[in-house]
Each structure stands twice: as C-alpha cells, then as structure tokens.
Amino acid sequence: MDQQDDSAPVPIASSSNGRVSRKPWKLQKTATTRSHLQPALKSRSFDDRMEKASKAQAIKRLQAELKEEKEAETQRRREVTMQRRKAAEERKRAEELKAQLGARKAARLRRKAGRSKKVAH
C-alpha cells in the first residue's frame, strides 16, 4: 500500500500555471479593477455602447449632410446674385458706350456739316 501513496499526484501550488513565486511576502497579481467608473458605465455592455456610438455617428452624418445642402443653397444664391450684378453692370457699360458713341457720331456730323458750303455758320 505504500506504493500507492507514493504514486499519488503532488498537489500543485495555487498560483498562475502552478508556478510558485519564491517571494511569499508579495501579493498575487490580479486584473485591474476599475473602481473610478460609475456603476451605470460598469453595467453597460459593449453592444449597448457600440449601438449608441453608431446612432451618434448616424446623427453626425445627417447633420453634415444637412449643413452641406444648406451651404450649397447659399452658394447657388450667391452665384445667381453675382450673375445678375454682372449682367446689370454689362448693360450699364453697353449703354454708356452707346451714348458715348452716339455723342461722337453727333460731333462728327456737326464737324462734317461745318465743312459743307451748304450750311451757313
């Protein structure tokens, strides 16, 4: 019976992977407990957090799209206004040029009329 007692397995020390530290005064290391978190945050699951993050991302995307549409509308209005101003300026310039050319032609005709012997001056 002594042989059976000798063949009994040796109990493994309660440490990681059965290894003993040889520094018995040191505490066994454990996973960090994050005590600074609020209980509501501790209890929330990863899926809940990811769902909330995806909702926030969708909202951001929608806001960016709306902002882009608004900016495009503003840009379009600005472009229309600039085109109207440019057209009005062009009309005014053409009118002034026409008036100037009309005055030049009238002056030329007056000078030409002064050269003629038919007109007494």
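# Exercises on salt bridges and surface in a predicted model

A search of the whole structure finds four salt bridges (a side-chain nitrogen of Lys or Arg within 4 Å of a carboxyl oxygen of Asp or Glu). The structure is a predicted model, in which local features need pLDDT of at least 70 and side-chain atom pairs count only at pLDDT 80 or more, while totals for chains, interfaces and linings use all residues. Residues are numbered from 1 along each chain as its sequence is written, and side-chain values use heavy atoms, with hydrogens and water left out.

**Exercise 1.** State how many helices and strands the protein chain contains, and in what order the elements run.

*Solution.* Step 1: the protein chain has three helices and zero strands (DSSP runs numbered from the N terminus: helices are H or I of at least four residues, strands are E of at least two). Step 2: from the N terminus on, the order is α-α-α. Step 3: helix α3 covers residues 46-115, and Lys105 has its place there.

**Exercise 2.** Determine what percentage of the 121 residues is buried and what area the protein chain exposes.

*Solution.* Step 1: buried residues account for 0% of the 121 residues (buried is under 20% relative accessible area, exposed over 50%, partly exposed in between, with a 1.4 Å probe and protein chains only). Step 2: the exposed area of the protein chain is about 12800 Å², of which carbon and sulfur atoms supply 54% (Shrake-Rupley method, 1.4 Å probe).

**Exercise 3.** Describe the salt bridge between Glu51 and Lys55.

*Solution.* Step 1: the two side chains meet at 3.7 Å, N to O. Step 2: Glu51 and Lys55 are separated by about one helical turn because they stand four residues apart in helix α3. Step 3: Glu51 is partly exposed at 44% relative accessibility, whereas Lys55 is exposed at 51%.

**Exercise 4.** Analyse the pairs Arg77–Glu73 and Arg93–Glu90.

*Solution.* Step 1: in the salt bridge of Arg77 with Glu73, the closest N and O atoms are 3.5 Å apart. Both residues lie in helix α3, four residues apart; Arg77 is exposed at 54% and Glu73 partly exposed at 32%. Step 2: Arg93 and Glu90 form a salt bridge at 2.8 Å, N to O. These two lie three residues apart in helix α3, about one turn of the helix. Arg93 is partly exposed, at 47%, and Glu90 is partly exposed, at 42%. Step 3: one network, made by salt bridges that share partners, joins Glu73, Arg76 and Arg77.
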